[in-house]
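Subject: The structure I promised you

Hi,

Here is the structure we talked about, ready for you to open and turn around on your screen. Have a look first, then read on for what turned up in it.

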Amino acid sequence: MNKIKILWVDDEVDLLKPHILFLENKNYEVITSKSGQEALEELRRTQVDIVFLDENMPGISGLETLSEIKLIDSSLPVIMITKSEEEFIMEEAIGSKIADYLIKPVNPNQILLALKKSLDHSRLVSEKTTSNYQQEFRKIAMDMSMVNTYEEWEELYKKLIYWELQLEEIEDSGMFEILESQKVEANNQFGKFIDQNYADWFTDPGAPVMSHTLFKKWIAPEIKDQKTLLVVVDNLRYDQWYAFEETVGSFYKKNKEKSYCSILPTATQYARNAIFSGLTPLDMEKKYPDWWKNDTEEGGKNLYEDKFLEEQLRRLGCDIKWDYHKISSLKQGKHLSQNFKSQKDNDLTVIVYNFVDMLSHSKTEMEVIKELASNDKAYRSLTQSWFKNSPLLEIIQQAQAMGLKLIITTDHGTINVKSPSKVVGDRDTSLNLRYKTGRSLSYEEKDVMAAKDPKSIFLPSINVSSSFIFAKNDLFFAYPNNYNHYVSYYRNTYQHGGVSLEEMIVPFIVLSPK
(Lines give C-alpha, C1' and ligand atoms only; values in the text may rest on other atoms or scores of the structure.)
Protein backbone atom coordinates (compact mmCIF):
# COMPACT_ATOMS: atom_id res chain seq x y z
CA MET A 1 0.00 0.00 0.00
CA ASN A 2 1.37 3.44 -1.00
CA LYS A 3 2.21 5.86 1.77
CA ILE A 4 0.09 8.99 2.10
CA LYS A 5 2.20 11.91 0.90
CA ILE A 6 2.04 15.24 2.79
CA LEU A 7 3.47 18.56 1.61
CA TRP A 8 4.22 20.76 4.66
CA VAL A 9 4.77 24.45 3.81
CA ASP A 10 6.30 26.61 6.57
CA ASP A 11 9.15 29.15 6.57
CA GLU A 12 10.23 27.71 9.95
CA VAL A 13 10.09 24.11 8.75
CA ASP A 14 13.28 23.20 10.69
CA LEU A 15 11.32 23.65 13.94
CA LEU A 16 8.84 21.00 12.80
CA LYS A 17 11.29 18.06 12.89
CA PRO A 18 9.57 16.33 15.90
CA HIS A 19 6.18 16.54 14.13
CA ILE A 20 7.63 15.19 10.89
CA LEU A 21 9.32 12.26 12.68
CA PHE A 22 6.03 11.51 14.45
CA LEU A 23 4.18 11.37 11.12
CA GLU A 24 6.90 9.26 9.47
CA ASN A 25 6.64 6.78 12.35
CA LYS A 26 2.90 6.60 11.56
CA ASN A 27 3.84 5.63 7.96
CA TYR A 28 3.19 9.01 6.32
CA GLU A 29 5.69 10.51 3.82
CA VAL A 30 6.41 14.20 4.44
CA ILE A 31 7.87 16.63 1.87
CA THR A 32 8.71 20.15 3.07
CA SER A 33 8.80 23.59 1.44
CA LYS A 34 9.97 26.84 3.04
CA SER A 35 7.84 29.25 0.98
CA GLY A 36 4.66 29.46 -1.00
CA GLN A 37 6.57 29.76 -4.27
CA GLU A 38 8.67 26.68 -3.48
CA ALA A 39 5.47 24.75 -2.57
CA LEU A 40 3.79 25.62 -5.88
CA GLU A 41 6.85 24.43 -7.83
CA GLU A 42 6.81 21.19 -5.80
CA LEU A 43 3.12 20.63 -6.53
CA ARG A 44 3.67 21.06 -10.28
CA ARG A 45 6.13 18.14 -10.32
CA THR A 46 4.93 15.94 -7.43
CA GLN A 47 1.58 14.33 -6.71
CA VAL A 48 0.70 14.74 -3.02
CA ASP A 49 -2.38 13.72 -1.01
CA ILE A 50 -2.67 16.72 1.32
CA VAL A 51 -1.01 20.07 2.13
CA PHE A 52 -0.25 21.64 5.54
CA LEU A 53 0.03 25.36 4.83
CA ASP A 54 1.38 28.05 7.17
CA GLU A 55 -0.63 31.23 6.78
CA ASN A 56 2.07 33.74 7.81
CA MET A 57 5.12 33.46 5.49
CA PRO A 58 7.42 35.97 3.77
CA GLY A 59 6.88 36.37 0.03
CA ILE A 60 3.48 35.20 -1.07
CA SER A 61 1.20 34.67 1.92
CA GLY A 62 -0.56 31.46 2.90
CA LEU A 63 -3.90 32.71 1.57
CA GLU A 64 -2.33 33.68 -1.77
CA THR A 65 -0.59 30.29 -1.93
CA LEU A 66 -3.92 28.61 -1.16
CA SER A 67 -5.56 30.32 -4.16
CA GLU A 68 -2.73 29.16 -6.43
CA ILE A 69 -2.92 25.59 -5.07
CA LYS A 70 -6.63 25.46 -5.89
CA LEU A 71 -5.82 26.50 -9.49
CA ILE A 72 -3.34 23.60 -9.77
CA ASP A 73 -5.68 21.04 -8.15
CA SER A 74 -9.08 22.21 -6.87
CA SER A 75 -9.75 18.89 -5.08
CA LEU A 76 -6.46 18.75 -3.14
CA PRO A 77 -7.22 19.07 0.61
CA VAL A 78 -5.36 21.93 2.34
CA ILE A 79 -5.08 22.33 6.13
CA MET A 80 -4.27 25.92 7.12
CA ILE A 81 -1.97 26.48 10.12
CA THR A 82 -1.59 29.97 11.61
CA LYS A 83 -0.65 31.88 14.74
CA SER A 84 -3.48 34.34 14.12
CA GLU A 85 -7.04 33.89 15.30
CA GLU A 86 -8.25 36.94 13.40
CA GLU A 87 -11.75 36.34 12.09
CA PHE A 88 -11.16 37.70 8.58
CA ILE A 89 -8.29 35.23 8.00
CA MET A 90 -10.48 32.32 9.08
CA GLU A 91 -13.32 33.53 6.86
CA GLU A 92 -10.95 33.94 3.88
CA ALA A 93 -9.53 30.45 4.37
CA ILE A 94 -12.92 28.81 4.88
CA GLY A 95 -14.32 30.65 1.86
CA SER A 96 -11.45 29.21 -0.17
CA LYS A 97 -12.59 25.71 0.84
CA ILE A 98 -9.85 24.57 3.15
CA ALA A 99 -10.21 21.07 4.60
CA ASP A 100 -9.39 22.13 8.18
CA TYR A 101 -7.89 24.93 10.28
CA LEU A 102 -5.28 24.61 13.08
CA ILE A 103 -3.91 27.34 15.41
CA LYS A 104 -0.22 27.28 16.45
CA PRO A 105 1.26 25.75 18.47
CA VAL A 106 -0.05 22.44 17.16
CA ASN A 107 0.60 19.11 18.83
CA PRO A 108 1.15 15.82 16.96
CA ASN A 109 -2.25 14.37 17.89
CA GLN A 110 -4.04 17.44 16.49
CA ILE A 111 -2.19 16.91 13.22
CA LEU A 112 -3.07 13.22 13.15
CA LEU A 113 -6.75 13.98 13.81
CA ALA A 114 -6.80 16.58 11.03
CA LEU A 115 -5.30 14.03 8.63
CA LYS A 116 -7.86 11.40 9.60
CA LYS A 117 -10.72 13.87 9.19
CA SER A 118 -9.54 15.07 5.79
CA LEU A 119 -8.22 11.89 4.16
CA ASP A 120 -10.11 9.07 5.85
CA HIS A 121 -13.37 10.98 6.23
CA SER A 122 -15.27 9.25 3.41
CA ARG A 123 -13.97 5.80 4.41
CA LEU A 124 -14.77 6.35 8.10
CA VAL A 125 -18.23 7.71 7.26
CA SER A 126 -18.82 4.78 4.91
CA GLU A 127 -17.83 2.21 7.53
CA LYS A 128 -19.89 3.92 10.24
CA THR A 129 -22.96 4.26 8.00
CA THR A 130 -22.76 0.62 6.89
CA SER A 131 -22.32 -0.55 10.47
CA ASN A 132 -25.25 1.57 11.68
CA TYR A 133 -27.55 0.36 8.91
CA GLN A 134 -26.63 -3.27 9.62
CA GLN A 135 -27.75 -2.73 13.21
CA GLU A 136 -30.88 -0.87 12.11
CA PHE A 137 -31.75 -3.52 9.48
CA ARG A 138 -32.81 -6.05 12.11
CA LYS A 139 -34.87 -3.46 13.98
CA ILE A 140 -36.66 -2.34 10.79
CA ALA A 141 -37.38 -5.98 9.90
CA MET A 142 -38.86 -6.59 13.37
CA ASP A 143 -40.88 -3.34 13.28
CA MET A 144 -42.26 -4.27 9.87
CA SER A 145 -43.79 -7.46 11.21
CA MET A 146 -45.58 -5.57 14.00
CA VAL A 147 -46.71 -2.29 12.35
CA ASN A 148 -50.48 -1.94 12.52
CA THR A 149 -51.27 1.80 12.42
CA TYR A 150 -50.84 4.47 9.76
CA GLU A 151 -48.59 6.48 12.12
CA GLU A 152 -46.25 3.51 12.53
CA TRP A 153 -46.09 3.04 8.76
CA GLU A 154 -45.31 6.74 8.37
CA GLU A 155 -42.42 6.41 10.84
CA LEU A 156 -41.09 3.25 9.17
CA TYR A 157 -41.28 4.78 5.69
CA LYS A 158 -39.35 7.88 6.82
CA LYS A 159 -36.73 5.57 8.36
CA LEU A 160 -36.32 3.73 5.05
CA ILE A 161 -35.93 7.06 3.19
CA TYR A 162 -33.34 8.19 5.76
CA TRP A 163 -31.23 5.08 5.17
CA GLU A 164 -31.68 5.32 1.42
CA LEU A 165 -30.21 8.83 1.47
CA GLN A 166 -27.40 7.81 3.86
CA LEU A 167 -26.36 4.73 1.88
CA GLU A 168 -26.59 6.65 -1.36
CA GLU A 169 -23.93 9.07 -0.09
CA ILE A 170 -21.38 6.31 0.51
CA GLU A 171 -22.25 4.37 -2.67
CA ASP A 172 -22.12 0.94 -1.03
CA SER A 173 -23.96 -1.11 -3.67
CA GLY A 174 -24.19 -4.23 -1.48
CA MET A 175 -25.90 -2.40 1.37
CA PHE A 176 -28.09 -0.52 -1.10
CA GLU A 177 -29.38 -3.79 -2.57
CA ILE A 178 -30.30 -4.98 0.93
CA LEU A 179 -32.20 -1.73 1.55
CA GLU A 180 -34.00 -2.05 -1.81
CA SER A 181 -35.18 -5.54 -0.87
CA GLN A 182 -36.32 -4.17 2.49
CA LYS A 183 -38.34 -1.45 0.71
CA VAL A 184 -40.01 -4.11 -1.47
CA GLU A 185 -40.91 -6.14 1.62
CA ALA A 186 -42.21 -2.99 3.34
CA ASN A 187 -44.47 -2.26 0.36
CA ASN A 188 -45.73 -5.86 0.38
CA GLN A 189 -46.72 -5.49 4.03
CA PHE A 190 -48.10 -1.98 3.50
CA GLY A 191 -50.30 -3.31 0.68
CA LYS A 192 -51.82 -5.87 3.06
CA PHE A 193 -52.32 -3.17 5.71
CA ILE A 194 -54.16 -0.88 3.25
CA ASP A 195 -56.25 -3.80 1.99
CA GLN A 196 -57.43 -4.53 5.54
CA ASN A 197 -57.93 -0.98 6.85
CA TYR A 198 -58.49 1.53 4.05
CA ALA A 199 -62.28 1.18 3.67
CA ASP A 200 -62.83 1.72 7.43
CA TRP A 201 -61.00 5.06 7.45
CA PHE A 202 -63.87 6.86 5.68
CA THR A 203 -66.14 6.36 8.70
CA ASP A 204 -63.59 6.16 11.55
CA PRO A 205 -63.15 9.45 13.53
CA GLY A 206 -59.62 8.31 14.48
CA ALA A 207 -58.58 7.69 10.85
CA PRO A 208 -55.46 9.34 9.42
CA VAL A 209 -55.89 12.67 7.68
CA MET A 210 -56.63 11.93 4.00
CA SER A 211 -56.94 14.00 0.83
CA HIS A 212 -60.59 14.94 1.40
CA THR A 213 -60.06 15.89 5.09
CA LEU A 214 -56.69 17.64 4.64
CA PHE A 215 -57.98 21.18 4.08
CA LYS A 216 -60.52 21.15 6.92
CA LYS A 217 -58.23 19.51 9.50
CA TRP A 218 -54.79 20.92 8.73
CA ILE A 219 -54.90 23.81 6.26
CA ALA A 220 -57.92 25.82 7.50
CA PRO A 221 -56.51 26.17 11.07
CA GLU A 222 -53.18 27.44 9.65
CA ILE A 223 -54.69 30.24 7.55
CA LYS A 224 -56.65 31.83 10.41
CA ASP A 225 -53.78 33.72 12.02
CA GLN A 226 -51.45 34.72 9.16
CA LYS A 227 -51.49 35.41 5.45
CA THR A 228 -50.45 32.17 3.78
CA LEU A 229 -49.00 30.82 0.56
CA LEU A 230 -50.16 27.24 -0.06
CA VAL A 231 -48.08 25.40 -2.67
CA VAL A 232 -49.34 22.04 -3.92
CA VAL A 233 -46.53 20.48 -5.98
CA ASP A 234 -48.07 17.72 -8.06
CA ASN A 235 -46.54 14.25 -7.59
CA LEU A 236 -44.06 15.25 -4.87
CA ARG A 237 -42.69 12.29 -2.94
CA TYR A 238 -41.18 12.56 0.52
CA ASP A 239 -37.63 11.98 -0.72
CA GLN A 240 -38.05 14.72 -3.32
CA TRP A 241 -39.14 17.16 -0.62
CA TYR A 242 -35.92 16.29 1.26
CA ALA A 243 -33.98 17.03 -1.97
CA PHE A 244 -34.92 20.71 -1.92
CA GLU A 245 -35.73 21.24 1.76
CA GLU A 246 -32.33 22.83 2.38
CA THR A 247 -32.91 25.39 -0.40
CA VAL A 248 -36.27 26.39 1.11
CA GLY A 249 -34.50 26.54 4.49
CA SER A 250 -32.49 29.58 3.33
CA PHE A 251 -35.71 31.61 3.50
CA TYR A 252 -38.08 29.72 5.79
CA LYS A 253 -37.84 27.78 9.03
CA LYS A 254 -39.86 24.61 9.40
CA ASN A 255 -42.59 24.65 12.06
CA LYS A 256 -44.32 21.35 11.33
CA GLU A 257 -43.56 18.31 9.22
CA LYS A 258 -46.35 15.77 8.98
CA SER A 259 -47.65 13.39 6.39
CA TYR A 260 -51.17 12.63 5.30
CA CYS A 261 -52.55 9.70 3.33
CA SER A 262 -53.49 10.20 -0.32
CA ILE A 263 -56.80 8.59 -1.26
CA LEU A 264 -57.03 5.85 -3.88
CA PRO A 265 -56.55 6.03 -6.76
CA THR A 266 -53.38 8.04 -6.08
CA ALA A 267 -54.08 10.02 -9.24
CA THR A 268 -54.52 13.74 -9.81
CA GLN A 269 -58.20 13.78 -10.76
CA TYR A 270 -59.13 11.90 -7.59
CA ALA A 271 -56.60 13.05 -4.98
CA ARG A 272 -56.22 16.73 -5.90
CA ASN A 273 -59.90 17.34 -6.52
CA ALA A 274 -60.50 15.77 -3.09
CA ILE A 275 -58.11 18.24 -1.44
CA PHE A 276 -59.80 21.31 -2.93
CA SER A 277 -63.38 20.09 -2.60
CA GLY A 278 -63.02 18.53 0.85
CA LEU A 279 -65.13 15.68 -0.53
CA THR A 280 -64.66 12.07 -1.59
CA PRO A 281 -64.87 11.36 -5.34
CA LEU A 282 -68.26 9.71 -4.77
CA ASP A 283 -69.62 12.87 -3.09
CA MET A 284 -68.09 15.11 -5.76
CA GLU A 285 -69.91 13.15 -8.44
CA LYS A 286 -73.20 13.38 -6.52
CA LYS A 287 -73.01 17.06 -5.50
CA TYR A 288 -71.20 18.57 -8.48
CA PRO A 289 -71.88 16.39 -11.54
CA ASP A 290 -70.97 19.27 -13.87
CA TRP A 291 -67.48 19.55 -12.36
CA TRP A 292 -66.63 15.88 -11.84
CA LYS A 293 -65.59 13.65 -14.76
CA ASN A 294 -65.03 9.91 -14.51
CA ASP A 295 -62.07 8.20 -16.18
CA THR A 296 -63.80 7.33 -19.43
CA GLU A 297 -65.41 10.76 -19.94
CA GLU A 298 -63.91 13.24 -22.38
CA GLY A 299 -62.31 16.51 -21.24
CA GLY A 300 -59.98 17.75 -18.51
CA LYS A 301 -60.44 16.10 -15.14
CA ASN A 302 -59.08 18.94 -12.94
CA LEU A 303 -60.64 22.03 -14.49
CA TYR A 304 -62.69 23.11 -11.47
CA GLU A 305 -60.27 23.03 -8.52
CA ASP A 306 -60.85 26.74 -7.86
CA LYS A 307 -64.64 26.21 -7.90
CA PHE A 308 -64.31 23.26 -5.54
CA LEU A 309 -62.15 25.37 -3.21
CA GLU A 310 -64.63 28.25 -3.29
CA GLU A 311 -67.43 25.89 -2.23
CA GLN A 312 -65.31 24.33 0.52
CA LEU A 313 -64.31 27.69 1.97
CA ARG A 314 -67.99 28.69 1.99
CA ARG A 315 -68.96 25.46 3.79
CA LEU A 316 -66.20 25.97 6.38
CA GLY A 317 -67.28 29.57 6.99
CA CYS A 318 -63.89 30.94 5.91
CA ASP A 319 -64.62 34.52 4.92
CA ILE A 320 -61.21 35.36 3.47
CA LYS A 321 -59.66 37.00 0.41
CA TRP A 322 -58.00 34.28 -1.68
CA ASP A 323 -56.63 33.52 -5.11
CA TYR A 324 -55.81 30.34 -7.01
CA HIS A 325 -53.14 29.73 -9.69
CA LYS A 326 -52.29 26.61 -11.65
CA ILE A 327 -48.81 26.53 -13.17
CA SER A 328 -48.20 24.03 -15.97
CA SER A 329 -45.37 25.73 -17.89
CA LEU A 330 -42.25 27.81 -17.33
CA LYS A 331 -43.96 30.78 -19.01
CA GLN A 332 -46.88 30.65 -16.53
CA GLY A 333 -44.45 30.33 -13.59
CA LYS A 334 -42.42 33.35 -14.71
CA HIS A 335 -45.56 35.41 -15.23
CA LEU A 336 -46.77 34.70 -11.68
CA SER A 337 -43.32 35.39 -10.24
CA GLN A 338 -43.13 38.76 -12.00
CA ASN A 339 -46.59 39.72 -10.73
CA PHE A 340 -46.53 38.07 -7.31
CA LYS A 341 -46.68 41.38 -5.44
CA SER A 342 -50.31 41.63 -6.57
CA GLN A 343 -51.07 38.79 -4.10
CA LYS A 344 -49.98 40.81 -1.06
CA ASP A 345 -53.50 41.56 0.18
CA ASN A 346 -54.69 37.94 -0.02
CA ASP A 347 -55.27 35.96 3.16
CA LEU A 348 -54.60 32.81 1.13
CA THR A 349 -52.76 32.37 -2.17
CA VAL A 350 -52.93 28.86 -3.62
CA ILE A 351 -50.48 27.66 -6.25
CA VAL A 352 -50.75 24.26 -7.89
CA TYR A 353 -47.37 23.57 -9.49
CA ASN A 354 -47.41 20.78 -12.05
CA PHE A 355 -43.68 20.42 -12.73
CA VAL A 356 -43.03 17.07 -11.01
CA ASP A 357 -46.10 15.59 -12.69
CA MET A 358 -44.89 16.76 -16.10
CA LEU A 359 -41.45 15.37 -15.36
CA SER A 360 -42.70 11.93 -14.38
CA HIS A 361 -45.08 11.72 -17.32
CA SER A 362 -42.58 13.01 -19.85
CA LYS A 363 -40.09 10.47 -18.51
CA THR A 364 -42.30 7.89 -20.16
CA GLU A 365 -42.38 9.76 -23.47
CA MET A 366 -38.93 11.29 -23.82
CA GLU A 367 -35.70 9.30 -24.03
CA VAL A 368 -33.65 12.22 -22.68
CA ILE A 369 -35.76 12.35 -19.51
CA LYS A 370 -35.48 8.57 -19.20
CA GLU A 371 -31.72 9.03 -19.17
CA LEU A 372 -31.80 11.92 -16.70
CA ALA A 373 -34.19 10.22 -14.25
CA SER A 374 -33.18 6.60 -14.54
CA ASN A 375 -33.58 5.84 -10.82
CA ASP A 376 -34.75 7.44 -7.58
CA LYS A 377 -31.40 9.13 -6.91
CA ALA A 378 -31.39 10.75 -10.36
CA TYR A 379 -35.08 11.64 -10.01
CA ARG A 380 -34.36 13.46 -6.73
CA SER A 381 -31.37 15.21 -8.25
CA LEU A 382 -33.42 16.37 -11.23
CA THR A 383 -36.16 17.68 -8.91
CA GLN A 384 -33.56 19.57 -6.86
CA SER A 385 -31.95 21.08 -9.96
CA TRP A 386 -35.34 22.15 -11.33
CA PHE A 387 -36.41 23.72 -8.01
CA LYS A 388 -33.20 25.74 -7.59
CA ASN A 389 -33.72 27.29 -11.03
CA SER A 390 -37.52 27.55 -11.03
CA PRO A 391 -39.94 30.48 -10.78
CA LEU A 392 -41.37 28.62 -7.76
CA LEU A 393 -38.22 29.39 -5.75
CA GLU A 394 -38.45 33.05 -6.82
CA ILE A 395 -42.08 33.10 -5.64
CA ILE A 396 -41.10 31.55 -2.28
CA GLN A 397 -38.38 34.20 -1.85
CA GLN A 398 -40.94 36.95 -2.50
CA ALA A 399 -43.41 35.31 -0.10
CA GLN A 400 -40.73 35.38 2.60
CA ALA A 401 -40.09 39.09 1.98
CA MET A 402 -43.86 39.69 2.25
CA GLY A 403 -43.97 37.82 5.60
CA LEU A 404 -46.25 35.04 4.35
CA LYS A 405 -46.59 31.71 6.09
CA LEU A 406 -45.69 28.88 3.67
CA ILE A 407 -47.36 25.48 3.37
CA ILE A 408 -45.85 22.96 0.96
CA THR A 409 -47.69 19.74 0.20
CA THR A 410 -48.75 17.50 -2.69
CA ASP A 411 -51.64 15.37 -3.89
CA HIS A 412 -49.84 12.01 -4.16
CA GLY A 413 -46.42 10.51 -4.86
CA THR A 414 -45.07 8.22 -7.58
CA ILE A 415 -43.25 4.90 -7.80
CA ASN A 416 -40.70 3.57 -10.26
CA VAL A 417 -42.49 0.57 -11.77
CA LYS A 418 -40.42 -2.55 -12.40
CA SER A 419 -42.66 -5.56 -13.08
CA PRO A 420 -45.75 -6.11 -15.27
CA SER A 421 -49.00 -7.69 -14.09
CA LYS A 422 -51.41 -8.96 -16.77
CA VAL A 423 -54.90 -7.52 -16.85
CA VAL A 424 -57.78 -7.97 -19.28
CA GLY A 425 -60.76 -5.62 -19.61
CA ASP A 426 -63.23 -4.38 -22.18
CA ARG A 427 -62.58 -1.37 -24.42
CA ASP A 428 -64.10 1.01 -21.85
CA THR A 429 -61.52 0.08 -19.19
CA SER A 430 -59.50 3.09 -17.92
CA LEU A 431 -55.95 3.50 -19.24
CA ASN A 432 -53.89 4.23 -16.10
CA LEU A 433 -51.00 1.81 -15.50
CA ARG A 434 -51.39 1.63 -11.69
CA TYR A 435 -55.18 1.35 -11.41
CA LYS A 436 -58.02 0.20 -13.62
CA THR A 437 -61.75 0.71 -13.47
CA GLY A 438 -64.24 -1.06 -15.71
CA ARG A 439 -66.47 -4.10 -16.14
CA SER A 440 -65.38 -7.74 -16.16
CA LEU A 441 -61.77 -7.08 -15.20
CA SER A 442 -59.58 -10.16 -15.18
CA TYR A 443 -56.32 -9.89 -13.19
CA GLU A 444 -53.78 -11.57 -10.92
CA GLU A 445 -55.41 -11.37 -7.47
CA LYS A 446 -52.12 -11.42 -5.55
CA ASP A 447 -50.92 -8.32 -7.44
CA VAL A 448 -53.84 -6.02 -6.66
CA MET A 449 -56.10 -4.47 -4.09
CA ALA A 450 -59.59 -4.90 -5.54
CA ALA A 451 -62.73 -2.88 -4.81
CA LYS A 452 -65.59 -4.84 -6.35
CA ASP A 453 -68.00 -2.31 -4.86
CA PRO A 454 -66.39 1.13 -5.50
CA LYS A 455 -68.87 2.82 -3.12
CA SER A 456 -67.24 0.92 -0.21
CA ILE A 457 -64.20 3.19 -0.66
CA PHE A 458 -66.24 6.23 -1.73
CA LEU A 459 -65.49 6.01 -5.45
CA PRO A 460 -68.08 6.48 -8.21
CA SER A 461 -68.98 3.61 -10.52
CA ILE A 462 -68.85 4.16 -14.26
CA ASN A 463 -71.67 1.61 -14.57
CA VAL A 464 -73.48 -0.88 -12.36
CA SER A 465 -70.94 -3.70 -12.66
CA SER A 466 -67.75 -1.57 -12.54
CA SER A 467 -64.98 -2.35 -10.11
CA PHE A 468 -61.57 -0.82 -9.31
CA ILE A 469 -58.21 -2.56 -9.01
CA PHE A 470 -55.04 -0.94 -7.68
CA ALA A 471 -51.54 -2.26 -8.39
CA LYS A 472 -49.44 -3.03 -5.32
CA ASN A 473 -45.70 -2.54 -4.77
CA ASP A 474 -43.84 -1.61 -8.00
CA LEU A 475 -46.13 -3.45 -10.45
CA PHE A 476 -47.81 -1.96 -13.52
CA PHE A 477 -50.72 -3.29 -15.50
CA ALA A 478 -50.13 -4.62 -19.02
CA TYR A 479 -52.54 -6.07 -21.57
CA PRO A 480 -51.74 -9.41 -23.23
CA ASN A 481 -51.90 -7.76 -26.70
CA ASN A 482 -48.47 -6.55 -27.84
CA TYR A 483 -47.30 -7.46 -24.32
CA ASN A 484 -43.50 -7.40 -24.76
CA HIS A 485 -43.39 -4.02 -26.50
CA TYR A 486 -45.71 -2.52 -23.89
CA VAL A 487 -43.66 -3.91 -21.00
CA SER A 488 -40.29 -2.72 -22.32
CA TYR A 489 -41.75 0.74 -23.01
CA TYR A 490 -43.16 1.32 -19.52
CA ARG A 491 -40.77 -0.61 -17.29
CA ASN A 492 -38.63 1.70 -15.11
CA THR A 493 -40.93 4.70 -15.55
CA TYR A 494 -42.57 6.71 -12.75
CA GLN A 495 -46.29 6.04 -12.38
CA HIS A 496 -49.01 6.66 -9.81
CA GLY A 497 -52.52 5.53 -9.01
CA GLY A 498 -51.76 2.42 -6.97
CA VAL A 499 -50.94 1.26 -3.44
CA SER A 500 -47.41 1.96 -2.20
CA LEU A 501 -45.65 3.89 0.55
CA GLU A 502 -44.23 6.24 -2.08
CA GLU A 503 -47.64 7.12 -3.56
CA MET A 504 -49.78 7.25 -0.40
CA ILE A 505 -47.63 8.67 2.43
CA VAL A 506 -46.95 12.23 1.33
CA PRO A 507 -45.50 15.37 2.95
CA PHE A 508 -47.30 18.31 4.56
CA ILE A 509 -44.89 21.06 5.68
CA VAL A 510 -45.69 24.33 7.48
CA LEU A 511 -42.96 27.00 7.50
CA SER A 512 -42.58 30.56 8.75
CA PRO A 513 -40.41 33.28 7.16
CA LYS A 514 -36.90 33.76 8.54
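Let's begin with two charged residues: Asp-411 and Arg-272 are both buried. Their side chains meet in a salt bridge, with 3.6 Å from N to O. Asp-411 sits in the loop between S10 and strand S11 (415-417), while Arg-272 belongs to helix H11 (residues 268-277), so this pair ties together parts that are 139 residues apart in sequence. Before you go further, keep in mind that this is a predicted model.

**The overall picture**

The protein chain has 514 residues, and buried ones make up 54% of them. You can find 20 helices and 19 strands in the chain. Along its principal axes, the C-alpha trace spans about 95 × 55 × 40 Å.

**More salt bridges**

How many salt bridges does a search of the whole structure find? The count is 32. One I'd like you to click on joins Lys-405 to Asp-225, where the closest N and O atoms are 3.2 Å apart. Lys-405 is in strand S10 (residues 405-409) and Asp-225 is in the loop between H9 and strand S6 (228-233), so parts that are 180 residues apart in sequence get tied together. The two partners sit in contrasting surroundings: Lys-405 counts as buried because its relative accessibility is 5%, under the 20% cut-off. Asp-225 counts as exposed because its 59% is over the 50% cut-off.

Then there is the salt bridge between the side chains of Glu-305 and Lys-326, at 3.7 Å from N to O. This pair links distant parts of the chain, with Glu-305 in helix H13 and Lys-326 in strand S8 (residues 322-327), 21 residues apart. Is Glu-305 buried or exposed? Glu-305 is buried, with a relative accessible area of 0%. Lys-326, at 27% relative accessibility, counts as partly exposed.

Some salt bridges join up into a network, too. Glu-164, Glu-168, Glu-180, Lys-183, Arg-237, Asp-239, Asp-376 and Arg-380 are linked that way.

While you're at strand S8, look at Ile-327, which lies in that strand. Ile-327 counts as buried, at 3% relative accessibility. Its C-alpha atom is separated by 4.9 Å from that of Tyr-353, although the two residues are 26 apart along the chain.

**Aromatic rings**

The structure holds 33 aromatic pairs. Take Trp-291 and Phe-308: they form an edge-to-face pair, 5.4 Å centre to centre with 85° between the planes. Trp-291 lies in the loop between helix H12 (281-287) and helix H13 (305-316), and Phe-308 lies in helix H13, so the pair ties together parts that are 17 residues apart in sequence. Phe-308 counts as buried, at 1% relative accessibility.

There is also an aromatic cluster to try selecting. Tyr-150, Trp-153, Phe-190, Phe-193, Tyr-198, Trp-201, Phe-202 and Phe-458 form it.

**A charged patch on the surface**

Which residues gather in a patch of positive charge on the surface? They are Lys-216, Lys-217, Lys-287 and Arg-315. You'll find Lys-217 in helix H9 (residues 211-222). Lys-217 is partly exposed, with a relative accessible area of 41%.

**Some backbone oddities**

Most residues other than glycine have a negative phi, and most peptide bonds are trans. With that in mind, here are some spots to check.

- The peptide bond from Lys-104 to Pro-105 is cis, with omega near -5°. Pro-105 is in the loop between strand S5 (100-103) and helix H5 (108-119).
- From Leu-264 to Pro-265 the peptide bond is cis, with omega near -10°. Pro-265 is placed in the loop between strand S7 (252-261) and H11.
- Asn-27 is not a glycine, yet it has a positive phi of about 75°. Asn-27 sits in the loop between helix H1 (17-25) and strand S2 (28-33), and it is partly exposed, with a relative accessible area of 46%.
- Asn-473 has a positive phi as well, near 50°. Asn-473 lies in the loop between strand S16 (467-471) and strand S17 (475-478), and it is buried, with a relative accessible area of 7%.

Have fun exploring!

Key:
Residues are numbered from 1 along each chain as its sequence is written. This is a predicted model: local features need pLDDT of at least 70, side-chain atom pairs count only at pLDDT 80 or more; totals for chains, interfaces and linings use all residues. Side-chain values use heavy atoms; hydrogens and water are left out. Patches are made of residues with over 30% relative accessible area and no salt bridge: like charges are joined within 9 Å, nonpolar side chains (Val, Leu, Ile, Met, Phe, Trp, Tyr) within 5 Å. Accessible areas come from the Shrake-Rupley method with a 1.4 Å probe; for residues, only the protein chains shown count as cover. A salt bridge is a side-chain nitrogen of Lys or Arg within 4 Å of a carboxyl oxygen of Asp or Glu. Lys and Arg count as positive and Asp and Glu as negative; His and the chain ends are not counted. The place of a charge is taken as NZ of Lys, CZ of Arg, CG of Asp or CD of Glu. Helices (H or I, at least four residues) and strands (E, at least two) are DSSP runs, numbered from the N terminus. Buried means under 20% relative accessible area, exposed over 50%, partly exposed in between (1.4 Å probe, protein chains only). Rings of Phe, Tyr and Trp (its six-membered ring) pair if their centres lie within 6.5 Å; planes under 30 degrees apart count as stacked, over 60 as edge-to-face and the rest as tilted.
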